[in-house]
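Student: I would like to go through a structure and ask what stands behind each label. Can we take it step by step?

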Amino acid sequence: MKKIILSLSALCMVAFTSCKEDATSKIKAENVTQAAQRDAVVGEFPVITFDKKEHDFGEIENGTPVSTVFNYTNSGTSPLVITNITSTCGCTVPQDWSKEPLAPGASAKFTVDFNGKGSPGSSTSKTVTITANTESGKETVKIKAFIKGTPGAATGIPSVATTQVKSSTQPGHEGHNHD
């Protein structure tokens, strides 16, 4: 039994030591250089700085379209790339942004159109999300407005008339009363 265990142990040692090769012989100098350059750039993200993070349209008439421009600057050390700009709903439409890389120190802009529709007599706020190659990957700006009008005023939605519902406790007489 001891001979079998000793033989298996010797076999395992030969198998494990014979498969080892010199790992340093597999390293290529050009890969080391590329890795060093890549690691030197890690942490250098573009930084997007806005002239304003929120725009207030003030009081607007319900259904009156309005728009504003958000100016931004790449205050980082590497090129800024905006891949998409979206809003929280279809009533707010961001547009006209450049999909080209923005050099450090350079500025650009985009427009946000709001259709002005909302509940009369209430405030509304919409968030616009900018997807970019910044450290967080997403940046936001907001628009807001107060929709003029009286709550419940004409909104283009037909009103629902209420009628008295008749009932009866007698079987077969549902829908009408016997008073």
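Tutor: What follows is a set of questions on the labels, each answered with a value and a cut-off.

Student: What should I know about the model before starting?
Tutor: This is a predicted model. The protein averages a pLDDT of 80, and 65% of the residues score at least 70. Over residues 157-163 the pLDDT is below 50, and this stretch has zero contacts in the model beyond near neighbours in sequence.

Student: Why is the pair of Lys-144 and Glu-54 called a salt bridge?
Tutor: The closest N and O atoms of Lys-144 and Glu-54 are 3.3 Å apart. The cut-off is a Lys or Arg side-chain nitrogen within 4 Å of a carboxyl oxygen of Asp or Glu, so the pair qualifies. Lys-144 belongs to strand 8 (residues 138-148) and Glu-54 to strand 2 (residues 54-61), with their positions 90 residues apart in the sequence.

Student: What makes Lys-144 and Glu-54 partly exposed?
Tutor: Partly exposed lies between the 20% and 50% limits of relative accessible area. Lys-144 has 33%, so the label fits. Glu-54 has 40%, so the label fits there too.

Student: How do you know that Lys-148 and Glu-61 form a salt bridge?
Tutor: Their N to O distance is 3.7 Å, and that is within the 4 Å cut-off, so the pair counts. Lys-148 is in strand 8 and Glu-61 in strand 2, so this salt bridge ties together parts that are 87 residues apart in sequence. Lys-148 is partly exposed at 33% relative accessibility, and Glu-61 is partly exposed at 45%. By this rule the structure has two salt bridges.

Student: Why is Ile-60 called buried?
Tutor: Its relative accessible area is 7%, under the 20% limit, so Ile-60 is buried. Ile-60 is found in strand 2. Leaving aside neighbours within four places in sequence, Ile-60 is in contact with several residues, including Val-66, Phe-114, Ala-145 and Lys-148. Ile-60 and Ala-145 are 85 residues apart in sequence, and their C-alpha atoms are 6.9 Å apart in space.

Student: What makes strand 4 and strand 7 a pair?
Tutor: Strand 4 (residues 82-87) and strand 7 (residues 122-132) share five bridges in the antiparallel sense. The requirement is at least two bridges, so they pair. One of the bridge partners is Ile-130 in strand 7, set against Ile-85.

Student: How do you know that strand 7 and strand 8 pair?
Tutor: They have 10 bridges in the antiparallel sense, and at least two are needed, so they pair as well. Thr-129 has Thr-140 in strand 8 as its bridge partner. Strand 7 and strand 8 form a hairpin with five residues between them, and Gly-137 in the turn has a positive phi of about 85 degrees.

Student: Why is the link between Cys-89 and Cys-91 called a disulfide?
Tutor: The S to S distance is 2.4 Å. The cut-off is two cysteine sulfur atoms within 2.5 Å, so the pair meets it. By this rule the count is one disulfide.

Student: Are Cys-89 and Cys-91 buried or partly exposed?
Tutor: Cys-89 has 25% relative accessibility, between the 20% and 50% limits, so Cys-89 is partly exposed. Cys-91 has 14%, under 20%, so Cys-91 is buried.

Notes:
Residues are numbered from 1 along each chain as its sequence is written. Side-chain values use heavy atoms; hydrogens and water are left out. Helices (H or I, at least four residues) and strands (E, at least two) are DSSP runs, numbered from the N terminus. Buried means under 20% relative accessible area, exposed over 50%, partly exposed in between (1.4 Å probe, protein chains only). Contact means heavy atoms within 4.5 Å. pLDDT is the predictor's confidence in each residue, from 0 to 100.
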